[in-house]
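Colleague: I would like to learn how to read a model of this kind, feature by feature. Where should one begin?

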Amino acid sequence: MALRDIIIHPDPRLKKPASPVETVTPELRKLADDMLETMYDAPGIGLAAPQVGVLRRLLVMDCVKDESEPARPMVLINPEVTWSSDERSTYEEGCLSIPEQYGEVERPAEVEVRWRDLDWTERTERFDGLWSTCVQHEIDHLDGKLFIDYLKPLRRQMITRKMVKLKREKARA
């Protein structure tokens, strides 16, 4: 396993829809392992392949926050929301590609998601709470959408300017 560099917004790769995964290969397994390691190291609760420069429909997540509970790392290949509740919830979201910036995003409170796992077995699960927010946020990445796209234009522009400045500072360092 290896840590991967996380792409920082603005970057055109973060705005492109990702291609479906056709089959599980050793390279895809390594990507999933690297993404989990990168996500935990960041630290974060979700990471989509486009965030590490791979435009494939793959995401990883683990929303277990309680240290006394076992971790629940998940790898979702070609995930799709098959149902969403009418009930809405609002979370203050952040993103590893938009460090230290947050914004309130309203999404369906519950979603049902279908995906394939690393054994290419089809899975379906209903998510609520933080898990629901996280999986929707990560699927948005696969569609070329960022959480700031839900914010008012002025707030989005302000965050983008901060990210441009951050990237300039990192480039100089």
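Modeller: Begin with the order of elements along the sequence: here the chain runs α-β-β-β-β-β-β-β-α-α. That comes to three helices and seven strands. Keep in mind that this is a predicted model.

Colleague: Why can the chain be called as compact as a globular protein of its length?

Modeller: The radius of gyration is compared with the globule rule. For this chain it is 16 Å, and the rule gives 16 Å for 173 residues, so the chain is as compact as a globular protein of that length. The C-alpha atoms fill a box of roughly 45 × 40 × 35 Å along the principal axes.

Colleague: What share of the 173 residues is buried?

Modeller: Buried residues make up 42% of them. The chain exposes about 9400 Å², and carbon and sulfur atoms supply 48% of that area. As for contacts, take those with a sequence separation of 6 or more: residues 24 or more positions apart account for 65% of them.

Colleague: Now the sheet. In what order do the strands of the open sheet lie?

Modeller: The order is 1-2-3-6-7, five strands with antiparallel pairing. Strand 1 (46-48) and strand 7 (122-128) are the edges, each pairing on one side only. Neighbouring strands in this sheet are turned against each other by 40° on average, with direction ignored.

Colleague: And what packs on the sheet?

Modeller: Helix 1 (residues 26-41) does, touching strand 1, strand 2 (58-61) and strand 3. The direction of helix 1 makes about 40° with that of strand 2.

Colleague: How should I read the side of a helix that faces a sheet?

Modeller: The general idea is that an α-helix has 3.6 residues a turn, so residues three or four places apart point the same way. In this case the buried residues of helix 1 are Leu28, Leu31, Ala32, Asp34, Met35, Leu36, Thr38 and Met39. These buried residues pack against strand 1, strand 2 and strand 3. Helix 1 has 16 residues and spans 22 Å from its first C-alpha to its last, close to the expected 22 Å.

Colleague: How many residues of helix 2 are buried?

Modeller: Helix 2 is mostly covered, with 12 of its 14 residues buried. Among them are Trp131, Cys134, Val135, Ile139 and Leu142, and the list also includes Glu138 and Asp140. Helix 2 (residues 129-142) reaches 21 Å from end to end by C-alpha, close to the 20 Å expected. Just after helix 2, Gly144 takes a positive phi of about 80°.

Colleague: Gly129 also belongs to helix 2. Is Gly129 buried, partly exposed or exposed?

Modeller: With a relative accessible area of 29%, Gly129 is partly exposed, because the class covers values between 20% and 50%. Leaving aside neighbours within four places in sequence, Gly129 is in contact with Tyr91 and Ala109.

Colleague: How do I read the pairing of two strands?

Modeller: Look at the sense of the pairing, the number of bridges and the residues that stand opposite each other. Strand 3 (residues 74-84) and strand 6 (residues 110-116) are antiparallel over five bridges. Ile77 stands opposite Arg116 in strand 6. As to side chains, in a regular strand they alternate between the two faces of the sheet.

Colleague: What do strand 4 and strand 5 form?

Modeller: Strand 4 and strand 5 form a hairpin with two residues between them. Strand 4 (residues 88-95) pairs with strand 5 in the antiparallel sense over seven bridges. Cys95 stands opposite Ile98 in strand 5, and Ser89 stands opposite Arg107.

Colleague: Strand 5 (residues 98-108) includes Pro108. Which residues does Pro108 touch?

Modeller: Not counting residues up to four places away in sequence, Pro108 touches Ser84, Ser85, Glu87, Arg88, Ser89, Ser132 and Gln136. Of these contacts, Ser132 and Gln136 are among the buried residues of helix 2. Pro108 and Ser132 are 24 residues apart in sequence and 7.9 Å apart in space, C-alpha to C-alpha.

Colleague: Is Pro108 buried or exposed?

Modeller: Pro108 is buried, since its relative accessible area is 13% and the class takes values under 20%.

Key:
Residues numbered from 1 in each chain as written. Predicted model: local features only at pLDDT ≥ 70, side-chain atom pairs only at ≥ 80, totals over all residues. Heavy atoms only, no water. Helix = DSSP H or I, 4+ residues; strand = E, 2+ residues; numbered from the N terminus. Expected span 1.5 Å × (residues − 1). Buried < 20%, exposed > 50% of the residue type's maximum accessible area, 1.4 Å probe, protein only. Pairing = 2+ DSSP bridges. Axes fitted to C-alpha atoms, helices over the stretch in contact; angles between N-to-C directions. Contact = heavy atoms within 4.5 Å. Rg over C-alpha atoms; globule rule 2.2 N^0.38 Å. Areas by Shrake-Rupley, 256 points an atom, 1.4 Å probe, with all protein chains shown as cover.
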